[in-house]
Amino acid sequence: MLPDRYAVFGHPIGHSKSPLIHTLFVQQTGENIAYTAQDVPPECFEVALRTFHAGGGKGLNCTVPLKELAFQAADELTSRARQSEAVNTLVWRDDKLCGDNTDGIGLLRDLTENLAIDLSGRRLLVLGAGGAVRGILRPLLERKPACLVIANRTVSRAQSLAARFAALGPVSAVGFPGLQGLRFDLVLNATAAGLQGELPPLPDDLLAPDGDCYDLMYADKPTAFVRWGHDHGARLSVDGLGMLVEQAAEAFLVWRGVRPRTAPVIRRLRRATATGGE
Ligand code: ATR
């Protein structure tokens, strides 16, 4: 039987690890699927979507910069996609296009299950107030932190996010200068600054003793923020590779009803990075 077709759409997409991750899931679960990566500029998204479905495609992942377009294209949305206003997982059910967002649950699983970082009663700081942050605030607040502060270069964006999620927990907003004198148990970087190897301006004493750093971005070398964590006494300072694998596993579950084991896949990708392979 021909495999069911899935793909990741993004722009650019050349360095995506998603095809390798899903190939490893297929080897593990025996599901009969083929998963490819397709470079889709935003202006071609609608056409690419229709063509893929007309060719028998069953589901998609969407990554930067297509998550908002995927949100708009979906006929139906899960509550986590609606709250994020972004979709990273699409599936056709009875010809209806259903949009989901597995980024938040992916982050939460990596933090709490893979890294054993406790969130309840802890002081959390999120750097950035863009699309990536919208998807993670609800799962973080549901873990009942003592507080969650959003710090952003443009304070008004942080303030409007804090206002939108205020009903879910103790969330507040500051600009980067407002971080002076504050201490946090976990700092999550969700700014795009790292793309240029930059860092937001952070006070040296931002981390509480035994505090952790987590960068939602990942790269083959330690990111600028992961290095900042190591240099400032973080207990753990890790990138978002685990989140990437976890969001993929949740998408696989949405499509196939089977959740792959993630630990061996994360280990395999870390090994490939360390040896410069794949
Ligand atoms: P994403 O969907 O990846 O979150 P985005 O919506 O464009 O992308 O948001 C990018 C985030 O990175 C924003 O919080 C942005 O800050 P502003 O809202 O002030 O623009 C932040 N960002 C980008 N470059 C940055 C830099 N050099 N220093 C600090 N923050 C930066």
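A residue is counted as near the ligand if one of its heavy atoms lies within 4 Å of it. In this predicted model, 13 residues surround the ligand, and Ala129, Asn152, Thr154, Arg157 and Ala192 come nearest. Sorted by class, this shell is made up of four nonpolar, six polar and three charged residues.

Several of these neighbours also place polar atoms beside oxygen atoms of the ligand. The side chain of Asn152 has an N or O atom 2.7 Å from a ligand oxygen. Backbone atoms take part as well: a polar backbone atom of Ala192 is 2.8 Å from an oxygen of the ligand, and for Ala129 a backbone N or O atom lies 2.9 Å from a ligand oxygen. On its own the ligand has 650 Å² of accessible area, and the protein covers 72% of this.

Attention may now turn to the second largest pocket, which has a volume of about 330 Å³. Its lining consists of 19 residues, with Ser237, Val238, Asp239, Leu241 and Arg270 nearest the centre. Two or more lining residues come from each of helix H5 (103-114), helix H9 (224-231), strand S12 (237-238), helix H10 (241-256) and helix H11 (263-274). Helix H11 gives the most, with three residues. The lining of this pocket comprises eight nonpolar, five polar and six charged residues.

Where does the second largest pocket lie with respect to domain 1 and domain 2? Domain 1 (4-101 + 242-275) and domain 2 (104-239) both contribute residues to the lining, so the pocket lies between them.

Technical notes
Residues numbered from 1 in each chain as written. Predicted model: local features only at pLDDT ≥ 70, side-chain atom pairs only at ≥ 80, totals over all residues. Heavy atoms only, no water. 1 Å grid on protein atoms, 1.4 Å probe; cavity = no way out; pocket = protein on both sides within 12 Å on 5 of 7 lines; lining within 4 Å. Points joined across faces, edges and corners; volume = space filled by probe spheres on them. Helix = DSSP H or I, 4+ residues; strand = E, 2+ residues; numbered from the N terminus. Nonpolar A, V, L, I, M, F, W, Y, C, P; charged D, E, K, R; others polar. Domains from an automatic or database assignment. Polar contact = N/O pair within 3.5 Å; in protein donor to acceptor, adjacent residues only side chain to side chain. Areas by Shrake-Rupley, 256 points an atom, 1.4 Å probe, with all protein chains shown as cover.
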